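Here are some exercises to work through with the sequence and the 3D view side by side. Try each task yourself before you read its solution.

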Amino acid sequence: MTLTELKYIVALAREKHFGRAADACFVSQPTLSVAIKKLEEELNVSLFERGSSEVSLTPVGERIVVQAQRVLEEAAAIKSIAQQGMDPLAGPLRVGVIYTIGPYLLPGLVSSMIERVPSMPLVLQENFTVRLLELLKQGEIDVAVLALPINESGFVIQPLYDEPFMVALPKSHRWANEKAIQSDDLRSENMLLLGTGHCFRDQVLGVCPELSRFSQSSEGIQRTFEGSSLETIRHMVASGVGITVLPSSSVPNPVPKESLLTYIPLADDDTRRTVALVWRKSFGRREALDALRDAIMECKLNGVEFLNAPQMVR
């Protein structure tokens, strides 16, 4: 039994498909299949039920995968302890960032980290919240920048900043000169939303639940449209397709005079998100996390309110 084999079964349990699991592990499908079969033979149990289109865990497989995740986390902790024994600010720090934060935080953050701690380069990955939490559990990344809430256990959470939401609309829109917009008024508009899997989509639907009903009905095909990124949606708004809601950090400051868009605050007090650092309880390089946090707090993010909130353990 090897850590690599454990990594493979965790990936297959998550992806439920040999091809996708192999891609996630950066190996060929035959390599992953042979390794998992070898592990099953060694343990003398079947970990997975192979279907025609999907793979599922057997009851004993579920228990073994849970234990495998723990083993992978503890193995990653050994590396962290060794690094901490030398210099916690030496060597790469692997950071995951969700898609709706990365483009606006990372340019300033990387520059700040190069200046503050040149011996600790950042290894960066953008992904969905669910995927980044899995990578944290497996020890594939050290820390993630995510939007709360986080409902998984086994993590330390350090809130960084609160970020209000803004409505983006064409300059020709009838609301272009408004000081603020009520979230209830969004129901009357063609709304552009991120696709399923983005936590920011869920937060926007939380602000205006009526949009969720539209997106699930035939009328919703005409009332809501889904994009793969905030920048794609921004361009669609500029073309007059509809309007959208954006986090304030994605709004340029100042807005260029030649821009086709205008940005109006949402009037509701609770239309905001809290962004936090999230890491495993066992992660040992606390000085590295402090350096990352300090660098983020120096970044110029439009409209955000930086916090001095205490850490939370889940």
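Two strands pair if DSSP finds at least two bridges between them. Keep in mind that this is a predicted model.

**Exercise 1. Find the partners of strand β11 (residues 272–280), and say which residues stand opposite Leu277.**

Solution.
- Step 1: Look at strand β5 (residues 143–147). Five bridges join β5 to β11, and the two strands run antiparallel.
- Step 2: Turn to strand β6 (residues 155–170). Nine bridges link β6 with β11, again in the antiparallel sense.
- Step 3: Locate Leu277 in β11. Val145 has Leu277 as its bridge partner, and Gln158 also stands opposite Leu277.
- Step 4: Check how covered the strand is. Seven of the nine residues of β11 are buried, making the strand mostly covered.

**Exercise 2. Decide whether Phe155 is buried or exposed, and work out how far it lies from Lys281 in sequence and in space.**

Solution.
- Step 1: Place the residue. Phe155 belongs to strand β6.
- Step 2: Apply the cut-off. Buried means under 20% relative accessible area. Phe155 has 1%, so Phe155 is buried.
- Step 3: Compare the two separations. Phe155 and Lys281 are 126 residues apart in sequence, while their C-alpha atoms are 5.3 Å apart in space.

**Exercise 3. Describe how helix α5 (residues 102–116) packs against helix α11 (residues 286–298).**

Solution.
- Step 1: Start with the axes. The axes of α5 and α11 come within 9 Å and cross at roughly 125°.
- Step 2: Name the arrangement. This angle makes α5 oblique to α11.
- Step 3: Add the handedness. The crossing of α5 and α11 is right-handed.
- Step 4: List the residues that touch. From α5 come Leu105, Leu109, Ser112, Met113 and Arg116, and they meet Ala291, Leu292, Asp294, Ala295, Ile296 and Glu298 of α11.
- Step 5: Sort them by class. The contact of α5 with α11 has seven nonpolar residues, one polar and three charged.

**Exercise 4. Do the same for helix α1 (residues 3–15) and helix α2 (residues 18–25).**

Solution.
- Step 1: Here the axes are 8 Å apart, and α1 and α2 pack at an angle of about 130°.
- Step 2: The two helices α1 and α2 are therefore oblique to each other.
- Step 3: The crossing of α1 and α2 is right-handed.
- Step 4: On the α1 side, the contact uses Lys7, Tyr8, Ala11, Leu12, Arg14 and Glu15; on the α2 side, it uses Phe18, Arg20, Ala21, Ala24 and Cys25.
- Step 5: By class, the contact of α1 with α2 has seven nonpolar residues, four charged ones and no polar ones.

**Exercise 5. Find out how many residues of helix α6 (residues 129–138) are buried.**

Solution.
- Step 1: Count the buried positions. They are Thr129, Arg131, Leu132, Leu133, Glu134, Leu135, Leu136, Lys137 and Gln138.
- Step 2: Draw the conclusion. Nine of the 10 residues of α6 are buried, so the helix is largely enclosed by the rest of the structure.
- Step 3: Look just past the end of α6. Gly139 takes a positive phi of about 80° there.

**Exercise 6. Describe the surroundings of Ser228, and say whether Ser228 is buried or exposed.**

Solution.
- Step 1: Ser228 sits in the loop between β8 (224–227) and α10 (230–238).
- Step 2: Exposed means over 50% relative accessible area. Ser228 has 57%, so Ser228 counts as exposed.
- Step 3: Leaving aside residues up to four places away in sequence, Ser228 touches Leu194 and His198.

Terms used
Residues are numbered from 1 along each chain as its sequence is written. This is a predicted model: local features need pLDDT of at least 70, side-chain atom pairs count only at pLDDT 80 or more; totals for chains, interfaces and linings use all residues. Side-chain values use heavy atoms; hydrogens and water are left out. Axes are lines fitted to C-alpha atoms, for helices over the stretch in contact, and angles run from 0 to 180 degrees between N-to-C directions. Helices (H or I, at least four residues) and strands (E, at least two) are DSSP runs, numbered from the N terminus. Angles under 35 degrees count as roughly parallel, over 145 as roughly antiparallel, 65 to 115 as roughly perpendicular and the rest as oblique. A crossing is left-handed if the near helix is turned anticlockwise from the far one by less than a right angle, and right-handed if clockwise. Contact means heavy atoms within 4.5 Å. Ala, Val, Leu, Ile, Met, Phe, Trp, Tyr, Cys and Pro count as nonpolar, Asp, Glu, Lys and Arg as charged, and the others, Gly among them, as polar. Buried means under 20% relative accessible area, exposed over 50%, partly exposed in between (1.4 Å probe, protein chains only).
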